[in-house]
Structures are given as structure tokens and as C-alpha cells.
Amino acid sequence: MLITDIRVTPLALPLKRPYVWSQGVETRFHVNLVELIGEDGAVGVGETTTAPDAAAQAMVLRKLARHFIGRTVFETRQIMAEAYRANFLAFGGNMPRYANQLMSGFDMAALDLQGQATGRPVWDLLGGAVRADVGYFHFLQGETVEELAADARAAVAAGHPVIYLKVGIEPERDIAAARAVRAAIGDTRLRLDANEAWDPALALRMITRLAEFDIEYIEQPTPSTALEALGQVARQSPIAIGADQSVFTLNEVYRAISGGHAHMIAVGPREIGGLRPMMQAAAIAEAAGLKICIHSSMTTGITTVAEHHVGRAIPNLDDGNQIMWQLLEDNVLEDPEVAPVKGQLALEGKPGLGLSLDRDVVARAHERFEASQA
């Protein structure tokens with residue numbers, strides 16, 4: 001199937017409530033919707049996150065899209081390599097992290113179109129499903145300790161088996177939040193994410209204090225620019241340590257694992273370059289006996305569906321993965337339903353990604369973005 005056109009549409013999507021984390025407070029997510037149109041009129045859907053600017057990224061995506069037009073959807077991996085070489089490497093711009101963010105949208109949309117053309121779900125194109133469903137953690141939300149504890153109680157009542165709490169905001173607040181959440185959830189599994197907020201010394205002090213709350217895992221406590229700092233903490237910590245922002249390329253995944261810098265690898269398609277690179281990252285981790293935790297930062301239900309497909313195909317997948325579409329006021333998907341039940345989600349094996357967009361929500365989100373640019 002030939003690709004005849006590519007549409008790139010910036011979207012602004014408000015959150016239900018402010019998203020509080022170590023890097024600040026977010027009130028909306030921005031994504032670029034990427035749609036590959038086949039010669040038969042079929043449309044493959046993907047999306048990208050948009051750091052540092054959605055409009056600027058849309059311009060770059062449209063330039064990269066020229067490489068795809070008139071080519072078959074079944075050679076998109078080669079096309080992406082050519083586009084990176086021509087637009088980045090040829091000018092000394094060796095920027096794999098930024099390029100991965102761009103290419104992830106093309107990879108999702110291409111696999112969706114390939115699946116539609118072959119009548120197979122994307123997980124079959126990735127090697128086939130190895131599980132019937134994928135497990136997710138409950139992402140706690142709240143601006144105060146009391147709100148976080150209330151959300152935790154509701155999550156346990158709803159049957160969610162893994163609870164996830166953001167820390168790295170302020171030490172005493174972090175301790176109070178962990179204490180309150182642990183009291184609210186009883187013996188339910190609890191994970192923390194510090195999002196690069198601590199240096200190794202502070203990380204080890206915080207871990208010592210947090211250990212009493214039976215923490216299963218702490219994600220990316222140290223700055224991503226210093227992989228060795230993460231390793232220092234991992235080697236001394238009584239709590240398992242995960243690499244997240246440190247491992248946004250395949251080379252970084254390899255370095256983190258071969259150097260013994262982490263006990264878990266948390267990465268998502270939007271960072272590693274798409275669903276097929278996710279399979280490669282999982283293979284690197286599998287060779288070392290580590291698991292992959294799907295990381296899904298500031299994305300919509302489009303990415304949730306795509307990540308579910310890759311999660312069905314990864315052999316060494318963790319049982320508590322991340323989704324974030326539920327934080328949005330509006331769901332861009334008309335179908336399928338992507339809310340986990342008791343931490344589990346099992347989508348039907350429809351061709352491609354098997355999703356349909358709510359075009360009214362998409363139109364409003366684009367109008368909102370356009371208004372913000374005026």
C-alpha cells in the first residue's frame with residue numbers, strides 16, 4: 001500500500017485537575033496527531049508528545065513526512081532511517097532523543113496502516129501476543145496529601161493492585177504523602193517516582209526514610225544526565241530502582257543495563273522511537289533478566305492503545321504499567337474503551353491498532369490549540 005498523504009494536527013487537551021510532579025504543575029497535554037493516508041483511503045493513526053513546542057514540532061514532522069509520500073507503508077523503517085540521516089546527521093545534528101519523539105508518531109501510524117492492510121492486529125506484526133491482557137498501576141492525583149490519600153483509598157476500593165505516587169516535590173511533603181498513602185492502601189503494592197529530583201546523597205537519605213513504607217520500586221530518583229549517579233543509588237538502595245528518563249534511546253538502555261545502573265527499565269514508544277524500538281529495548285532487557293515497564297507520559301488514548309499492543313507482545317513485561325489518558329477532560333477515542341478494570345486491560349484483536357477517533361473532540365482540541373497561538 002502506498003502512502004499518499006500525511007496529516008499533522010496539533011492538539012491541546014486540558015486535564016481534569018492539575019498534574020503535580022517534581023518538574024512543576026501541568027494543566028494540559030499537547031500532542032501532535034499524525035495520520036498516514038493510504039492509496040485506498042485507509043488512515044493509520046499515531047501521535048507524538050511535543051517538547052518543547054507543538055507548533056514547531058509540527059513543522060518538522062511535516063518536513064519529515066515528505067520522505068514517506070509515494071512510498072509503501074511496508075518500508076517505513078527504512079524511510080525513517082533515511083529521514084534521520086538526511087535531516088539530522090547530514091547537518092551534524094545527532095539528536096536521537098528528539099528524533100525518537102518525532103518518529104514514534106510515524107511508527108505508530110504506519111503499523112496501524114499495515115495492520116489494516118493485512119487484517120492483523122498490531123501485536124501480530126510485532127511477533128504475536130504472549131499474554132491476553134496487560135496490567136497497569138493506578139496513577140494517584142491530588143494537590144494535597146489528603147487528596148492523594150483519598151484517591152488511594154478509592155483506587156484500592158476499585159480493586160487496583162498497584163498504586164503509583166509522585167515524589168521529589170519536597171522532602172517532608174514526600175514523606176507525609178508516602179505515609180498517608182500507605183495508611184490508606186494497607187498491604188497494596190506501592191511505587192514511587194521522583195522524576196530526577198534528587199542527587200545521590202539526597203536520594204539515599206530519602207530512600208532510608210521511605211523504606212518503612214514498604215516501597216516496591218522508585219523510578220528515576222537522580223538526574224537523567226548522570227547515569228552513574230543512578231547506578232550509585234541502585235547499588236546501595238534497599239528499594240529497587242528504575243531507570244526512566246535515563247533510557248530514552250536503545251544505546252542508553254544498553255548502557256543502563258550493562259553497567260548495572262537499574263533494576264527495572266521504564267520506557268515508552270514516545271521516547272524510544274515507536275513500537276518496534278520498544279520491542280528492541282525489551283530484548284536488551286530480557287537478555288539481562290530485567291523487565292520492561294511501559295512509560296506513558298503526557299499522551300492520549302491513542303498511545304494507550306498502541307502501548308497495549310506492544311505490551312501484549314513483550315515477553316518480559318512488568319505487571320504494573322503506566323497510562324495517562326484518564327487524566328484528560330476529554331477522550332480522543334470513540335472506540336475502544338481503554339479504562340483498566342482492577343488494573344487489567346484486554347483489547348479486542350481488530351486489524352491495526354483497532355481504534356477510531358472522536359472527531360468532535362479532535363476538532364475542539366485543535367481549535368483550542370489554535371486559539372492559544374493567537
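**Exercise 1. Place Val 8 in the fold.**

Task: find which element holds Val 8, and decide whether Val 8 is buried or exposed.

Solution. Val 8 sits in strand β1, residues 3-21. Strands (E, at least two residues) and helices (H or I, at least four) are DSSP runs, numbered from the N terminus. Before going on, note that this is a predicted model: local features need pLDDT of at least 70, side-chain atom pairs count only at pLDDT 80 or more, and totals for chains, interfaces and linings use all residues. Residues are numbered from 1 along each chain as its sequence is written, and side-chain values use heavy atoms, with hydrogens and water left out.

Next, take the accessibility. Val 8 has a relative accessible area of 8%. Buried means under 20% relative accessible area, exposed over 50%, and partly exposed in between (1.4 Å probe, protein chains only). So Val 8 is buried.

Now look at the surroundings. Contact means heavy atoms within 4.5 Å. Not counting residues up to four places away in sequence, Val 8 touches Asn 32, Leu 33, Ala 58, Leu 61 and Arg 62. Last, take a long reach: the C-alpha atoms of Val 8 and Ser 237 are 44 Å apart, with their positions 229 residues apart along the chain.

**Exercise 2. Describe the whole chain.**

Task: what radius of gyration would a compact globule of 374 residues have, and what does the protein chain have?

Solution. The radius of gyration is taken over C-alpha atoms, and the globule rule is 2.2 Å times the number of residues to the power 0.38. For 374 residues the rule gives a value near 21 Å. The protein chain has 20 Å, which agrees. The C-alpha atoms fill a box of roughly 60 × 45 × 40 Å along the principal axes.

Then add the contents. The protein chain has 13 helices and 14 strands. Of its 374 residues, 58% count as buried. Among contacts with a separation of 6 or more, 72% come from residues 24 or more positions apart.

**Exercise 3. Follow the salt bridges.**

Task: how many salt bridges does the structure hold? Which strands do Asp 193 and Lys 166 lie in?

Solution. Start with the rule: a salt bridge is a side-chain nitrogen of Lys or Arg within 4 Å of a carboxyl oxygen of Asp or Glu. The structure holds 19 of them.

Take Asp 193 and Lys 166. Their closest N and O atoms are 3.0 Å apart, in a salt bridge. The pair links distant parts of the chain: Asp 193 is in strand β7 (residues 189-193) and Lys 166 is in strand β6 (residues 162-166), 27 residues apart. Both Asp 193 and Lys 166 are buried.

Move on to Glu 216 and Arg 189. Their side chains meet in a salt bridge at 2.7 Å, N to O. This pair also links distant parts of the chain, from Glu 216 in strand β8 (residues 215-219) to Arg 189 in strand β7. Glu 216 is partly exposed, at 28% relative accessibility. Arg 189 is partly exposed, at 28% relative accessibility. A network of salt bridges links Arg 189, Arg 191, Glu 216, Asp 318 and Asp 319.

**Exercise 4. Examine a buried charge.**

Task: which side chain of opposite charge is nearest to Asp 112, and how far away is it?

Solution. Find Asp 112 in helix α3, residues 96-118. Lys and Arg count as positive and Asp and Glu as negative; His and the chain ends are not counted. Asp 112 is buried yet has no salt bridge. The nearest side chain of opposite charge is Arg 359, 8.9 Å away. Leaving aside neighbours within four places in sequence, Asp 112 is in contact with residues including Val 43, Val 122 and Leu 353.

**Exercise 5. Compare a helix and a loop.**

Task: where do Val 145 and Arg 71 lie?

Solution. Val 145 lies in helix α5, residues 145-157. Its C-alpha is 5.1 Å from that of Ala 177, at 32 residues apart in sequence. Beyond four places in sequence, Val 145 is in contact with Arg 173, Ala 176, Ala 177 and Ala 180.

Arg 71 lies in the loop between α1 (54-65) and α2 (76-87). With a relative accessible area of 22%, Arg 71 is partly exposed. Not counting residues up to four places away in sequence, Arg 71 touches Met 1, Leu 2, Ile 3, Ile 79 and Glu 82.
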